[in-house]
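Colleague: Got a minute to walk me through this one? I'd like to go over the helix packing and the surface.

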Amino acid sequence: MDKINSRELTLGAIITVLSLLILLLTSILVTSKVFLVCLASFLISILIIETKVNTAVISYVSTVILSVILVPNKLIVAPYVLFFGYYGITKYYIEKINKLSIEYILKLLNFNIYVFLNYKLLTVFIKDNIKLPLTTGIIIIGLQVFFLVYDYVFSLFISYYRQKIQRHLKR
């Protein structure tokens, strides 16, 4: 593993603290919880752009540890820990393939494994049948649409960061 210089360490710490603050906000605010978890996940991409993937991994792990300890609402921390927090790293490696159809297949596969594992995990902890307001098929389709929108917005964030923020910071 490469050594992390002071700039990378500082940026990693800032992203970790910002991610933690956003996750803490999910326990305070009544609405926008999913939006905030998604926003926290976008921050990892800044580290991938500005430093190395190793720094992003360290920041993700640090954010996970701190959020599990400090964020009161563990139910909202779980999606960050189990998918959204590391998705920026996964996205980075998948998009290096540079074949859109394969990228989307892998991204959807990754997301659906996450959904399946969470479903199985919930069934372990919740023994009773859960009455859902929608059919399973509609929920699955809705989750796919949510994920595709999330991935698209994530790509827009990365593009915006590279074109506007990164360029402005380098002046």
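What follows is a short chat about helix contacts, salt bridges and a surface patch.

Modeller: Happy to! Keep in mind that this is a predicted model.

Colleague: Sure. At what angle do helix 1 and helix 3 cross?

Modeller: Roughly 35 degrees, with the axes of helix 1 (residues 6-28) and helix 3 (residues 53-70) coming within 9 Å. The crossing is right-handed.

Colleague: Which residues of helix 1 and helix 3 make the contact?

Modeller: Helix 1 brings E8, G12, I15, T16, S19, L20, L23 and L24, while helix 3 adds T55, S59, S62, T63, L66, S67 and L70. By type, that contact has eight polar residues, six nonpolar and one charged.

Colleague: Switching topic, how many salt bridges are there?

Modeller: The count is six. One pairs R7 with E50, where the closest N and O atoms are 3.0 Å apart.

Colleague: And what does the R7 and E50 pair tie together?

Modeller: R7 lies in helix 1 and E50 in helix 2 (residues 33-50), so the pair links parts 43 residues apart in sequence.

Colleague: Nice. Which residues make the nonpolar surface patch?

Modeller: I97, I102, L106, L109, I113, F116 and L117 make a patch of about 600 Å². L117 sits in helix 5 (residues 100-125).

Conventions: Residues are numbered from 1 along each chain as its sequence is written. This is a predicted model: local features need pLDDT of at least 70, side-chain atom pairs count only at pLDDT 80 or more; totals for chains, interfaces and linings use all residues. Side-chain values use heavy atoms; hydrogens and water are left out. Axes are lines fitted to C-alpha atoms, for helices over the stretch in contact, and angles run from 0 to 180 degrees between N-to-C directions. Helices (H or I, at least four residues) and strands (E, at least two) are DSSP runs, numbered from the N terminus. A crossing is left-handed if the near helix is turned anticlockwise from the far one by less than a right angle, and right-handed if clockwise. Contact means heavy atoms within 4.5 Å. Ala, Val, Leu, Ile, Met, Phe, Trp, Tyr, Cys and Pro count as nonpolar, Asp, Glu, Lys and Arg as charged, and the others, Gly among them, as polar. Patches are made of residues with over 30% relative accessible area and no salt bridge: like charges are joined within 9 Å, nonpolar side chains (Val, Leu, Ile, Met, Phe, Trp, Tyr) within 5 Å. Accessible areas come from the Shrake-Rupley method with a 1.4 Å probe; for residues, only the protein chains shown count as cover. A salt bridge is a side-chain nitrogen of Lys or Arg within 4 Å of a carboxyl oxygen of Asp or Glu.
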